[in-house]
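Here is a short walk through one protein chain, from its surface and fold down to its aromatic rings. Have the structure open as you read.

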Amino acid sequence: MLECTEENLEQIGNKDNTVEIDKFKFIKRRYNRGHAVEGQWVFGGVERGTGKMFLVSMHDCNRYIDWLIQWIKPGTTIYSDCWKS
């Protein structure tokens, strides 16, 4: 996925397309138990129909709006799970 994203460093979406976005955290838990707090946040999006995508490693998961502006063209319809995390 990372190689695909690095090769396609262009904005996705347009006024006729939809982009689905989400942020998630890669973690490693010991024995699959316990509350894990350390990990790497990743923000990504996929354009419906074309499959174009982007993935961005984030240090501050609350600043994903900046990535929306950088990676998604204005006028694009954006779908999210709207989870307030």
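About 6,700 Å² of the protein chain is exposed, with carbon and sulfur atoms supplying 52% of that area. Bear in mind that this is a predicted model. The protein chain has 85 residues, and 26% of them count as buried. As for contacts with a separation of 6 or more, 55% are between residues 24 or more positions apart.

**The fold**

The protein chain holds 2 helices and 4 strands, and along the sequence they come in the pattern α-β-β-β-α-β. What is the strand order in the open sheet? Its 4 strands run E3-E2-E1-E4, and the pairing is mixed. E3 and strand E4 (77–79) are the edge strands, each pairing on one side only. Going from one strand to the next, the twist averages 25°.

Let's stay with E2 and E3 for a moment. These two strands pair in the antiparallel sense, over 6 bridges. Trp41, for instance, has Met58 in E3 as its bridge partner.

**The aromatic rings**

How many aromatic pairs are there? The count comes to 2, and here they are side by side:

| Pair | Geometry | Centre to centre | Angle between planes |
|---|---|---|---|
| Phe43 and Phe54 | tilted | 5.6 Å | 55° |
| Phe54 and Trp71 | stacked | 5.4 Å | 10° |

Take the tilted pair, Phe43 and Phe54. Phe43 sits in strand E2 (residues 40–47) and Phe54 in strand E3 (residues 53–58), so this pair ties together parts that are 11 residues apart in sequence. Are these rings buried or exposed? Phe43 has a relative accessible area of 1%, so it counts as buried. Phe54 is also at 1% relative accessibility and counts as buried.

Now for the stacked pair, Phe54 and Trp71, with 10° between the planes. Why call it stacked? Because planes under 30 degrees apart count as stacked. This pair links distant parts of the chain: Phe54 is in strand E3, while Trp71 is in helix H2 (residues 64–71), 17 residues away. Trp71 is buried, as is Phe54.

Put the two pairs together and you get a cluster: ring pairs link Phe43, Phe54 and Trp71. Phe54 appears in both pairs, with Phe43 as its tilted partner and Trp71 as its stacked one. On the sheet side, Phe43 belongs to E2 and Phe54 to E3, the two strands that pair in the antiparallel sense. On the helix side, Trp71 belongs to H2.

Terms used. Residues are numbered from 1 along each chain as its sequence is written. This is a predicted model: local features need pLDDT of at least 70, side-chain atom pairs count only at pLDDT 80 or more; totals for chains, interfaces and linings use all residues. Side-chain values use heavy atoms; hydrogens and water are left out. Rings of Phe, Tyr and Trp (its six-membered ring) pair if their centres lie within 6.5 Å; planes under 30 degrees apart count as stacked, over 60 as edge-to-face and the rest as tilted. Buried means under 20% relative accessible area, exposed over 50%, partly exposed in between (1.4 Å probe, protein chains only). Two strands pair if DSSP finds at least two bridges between them. Axes are lines fitted to C-alpha atoms, for helices over the stretch in contact, and angles run from 0 to 180 degrees between N-to-C directions. Contact means heavy atoms within 4.5 Å. Accessible areas come from the Shrake-Rupley method with a 1.4 Å probe; for residues, only the protein chains shown count as cover.
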